[in-house]
Structure formats: structure tokens, C-alpha cells
Amino acid sequence: MDVYDILAANNIQMVTYEKEACCGLPAIMSGDTEDALKLAKTNISLFSSDEYEHIVFACPSCATTVKQEWEELLKQEHDPKLLAAYQKVQSKVIDLNDYLVNVLQVTMPKLKEPVTVTYHDSCHMARGLKVTAEPRKLLQDAGVELKEMEDAASCCGFGGSFSLFYYELSKRVNDAKIKKAQATEADYIVASCPGCVMHLKDGVNRADGKQNVVHVAQILAAAYRGGKIK
């Protein structure tokens with residue numbers, strides 16, 4: 001709903017599908033390429049429509065899966081129509097921050113309260129999509145004071161199912177990240193990946209920290225809704 005409100009405020013018409021499937025990343029990471037391929041084909045049949053110009057993602061892991069992992073999945077396919085449809089989908093994939101800055105070139109409204117944030121570059125965002133400057137620009141344009149943490153692009157330790165199967169190691173990576181975020185004394189830890197947000201919240205809670213952890217869309221949506229963060 002945060003993403004919806006941001007796009008609606010910029011007069012963007014949105015198309016959604018009831019039968020949209022998972023991007024398939026959990027299946028791919030588990031070695032289940034058969035089901036991952038089924039999921040990809042389901043989504044390609046929907047997303048290859050000419051109804052829209054971009055596929056906007058609020059999760060960089062999903063975006064890199066569609067843009068990069070599906071290409072690997074489809075290498076063994078010999079269906080020209082399927083491959084042509086995928087190329088159309090692939091060309092439309094874009095992260096929310098990238099879309100707002102480089103496509104819409106939005107003028108951000110200002111928050112009505114002083115807010116300090118430190119921004120975490122998630123792995124798929126920084127290394128997969130190469131998007132790092134855009135979320136920072138949007139936050140600062142919204143009147144946020146950005147306090148950079150040391151090594152902002154270091155992993156938070158989430159890694160999807162990695163944090164489930166190797167939680168102790170995942171916690172150690174997370175603990176190091178939280179210490180760097182806490183050192184900034186920022187009000188909020190902000191990330192563009194829902195998985196990172198969830199994992200960083202766990203780290204803050206275990207450290208008895210006071211910082212709030214939010215997705216960048218939550219801050220931006222607050223600015224569009226009148227300037228106060230819930």
C-alpha cells in the first residue's frame with residue numbers, strides 16, 4: 001500500500017493480476033528448478049502484456065530473479081514465443097527507487113518532522129541491480145537527514161533461507177551490521193529489501209535497540225500522505 005500510494009500520488013496507472021505467482025527465488029535457491037520454471041512461465045504469461053511500460057519492484061531480490069535468474073532458467077527452453085515474451089518482461093523490470101528518480105523524476109514532498117536515517121544497501125539492490133544513489137536522493141529530497149553507517153553495503157546476514165538454516169551464523173553477521181547502524185544514532189534504519197528489513201528488525205530487537213527499521217517506501221509514502229511517519 002505504501003508503494004501504491006506513492007505511485008498514485010504521481011498519477012501512475014497500475015495494473016495488477018490476481019493469479020500472479022511467486023518469483024521463484026526460494027525454489028531456485030533450494031535447487032527446485034522445475035517448480036521455479038513453472039512459476040516463471042506463469043508470470044511471463046501475465047507480465048508480457050502490452051498494458052504497461054514498467055514492472056516496478058519494491059523487493060530487489062524479486063527484481064534480480066526476474067531480470068537475471070529467469071534468463072538462466074529459460075536457457076534450456078526452445079519456445080521462441082516464450083523467449084520473446086520473457087525478453088519483453090525482462091526489459092521492463094525496474095526498482096521502485098530507480099523508477100521514481102530516473103523515469104518519473106519526482107519532486108518529493110517534505111516530511112513535517114525532523115528525521116534522521118541510516119541507509120542499508122541490500123546485496124541484491126547494490127550488487128544485483130546497481131542501485132545505491134537513488135534511495136539516498138529520495139530520502140534527502142524528502143527532508144531526511146542521512147547519517148551514513150560504516151560499510152553500508154555489507155550484508156545484514158539475511159540471505160533468505162540461509163538465515164533459517166544457519167541462524168547462528170546469520171545472527172553474527174547481523175549483530176555486526178546492527179552495531180554499525182547504532183553507531184550513527186539515527187532514528188531509523190532504512191532498507192529497500194523487505195527481507196533485510198525483517199532481519200534487521202530481529203537484530204535491533206535482540207540488541208534491545210531503540211531504532212525503528214523500515215522499508216524506504218514507508219518513509220516516502222509518509223511524505224506523500226502529509227508528512228508524518230506513523
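What percentage of the 230 residues in the chain is made up of buried residues? In this predicted model, buried residues account for 48% of the 230 residues.

**Figure 1. Overall fold of the chain, with its 12 helices and 6 strands.** The radius of gyration is 18 Å, close to the 17 Å that the globule rule gives for 230 residues, so the chain is as compact as a globular protein of that length. Its C-alpha trace extends over about 55 × 45 × 25 Å along the principal axes. Of the contacts between residues at least 6 apart in sequence, 76% join residues at least 24 apart.

**Figure 2. Surface and charges of the chain, which exposes about 12100 Å².** Carbon and sulfur atoms supply 51% of this exposed area. The chain carries 26 positive and 31 negative charges. The mean position of the positive charges and that of the negative charges are 3 Å apart.

**Figure 3. Helix H8 (residues 133-141) and the elements against which its buried residues pack.** The buried residues in H8 are Glu134, Pro135, Arg136, Leu138 and Leu139. Among the packing partners of the buried residues of H8 are four helices and strands that precede or follow it in the numbering: helix H6 (96-103), helix H7 (123-128), strand S3 (116-120) and strand S4 (145-146). Strand S5 (188-191) and helix H12 (216-224) also pack against the buried residues of H8. Gly143 follows H8 and has a positive phi, near 95°.

**Figure 4. Asn11 in the loop between helix H1 (2-9) and helix H2 (25-29).** Although Asn11 is not a glycine, its phi is positive, at about 60°. Asn11 is exposed, because its relative accessible area of 71% lies above the cut-off of 50%.

**Figure 5. Gln105 in the loop between H6 and S3.** This close-up concerns a loop whose flanking elements, helix H6 (96-103) and strand S3 (116-120), both pack against the buried residues of H8. Gln105 is a residue other than glycine with a positive phi, near 50°. With a relative accessible area of 60%, Gln105 is exposed, since exposed residues are those over 50%.

Definitions and conventions: Residues numbered from 1 in each chain as written. Predicted model: local features only at pLDDT ≥ 70, side-chain atom pairs only at ≥ 80, totals over all residues. Heavy atoms only, no water. Helix = DSSP H or I, 4+ residues; strand = E, 2+ residues; numbered from the N terminus. Rg over C-alpha atoms; globule rule 2.2 N^0.38 Å. Buried < 20%, exposed > 50% of the residue type's maximum accessible area, 1.4 Å probe, protein only. Contact = heavy atoms within 4.5 Å. Areas by Shrake-Rupley, 256 points an atom, 1.4 Å probe, with all protein chains shown as cover. Lys, Arg positive; Asp, Glu negative; His and termini not counted. Charge placed at Lys NZ, Arg CZ, Asp CG, Glu CD.
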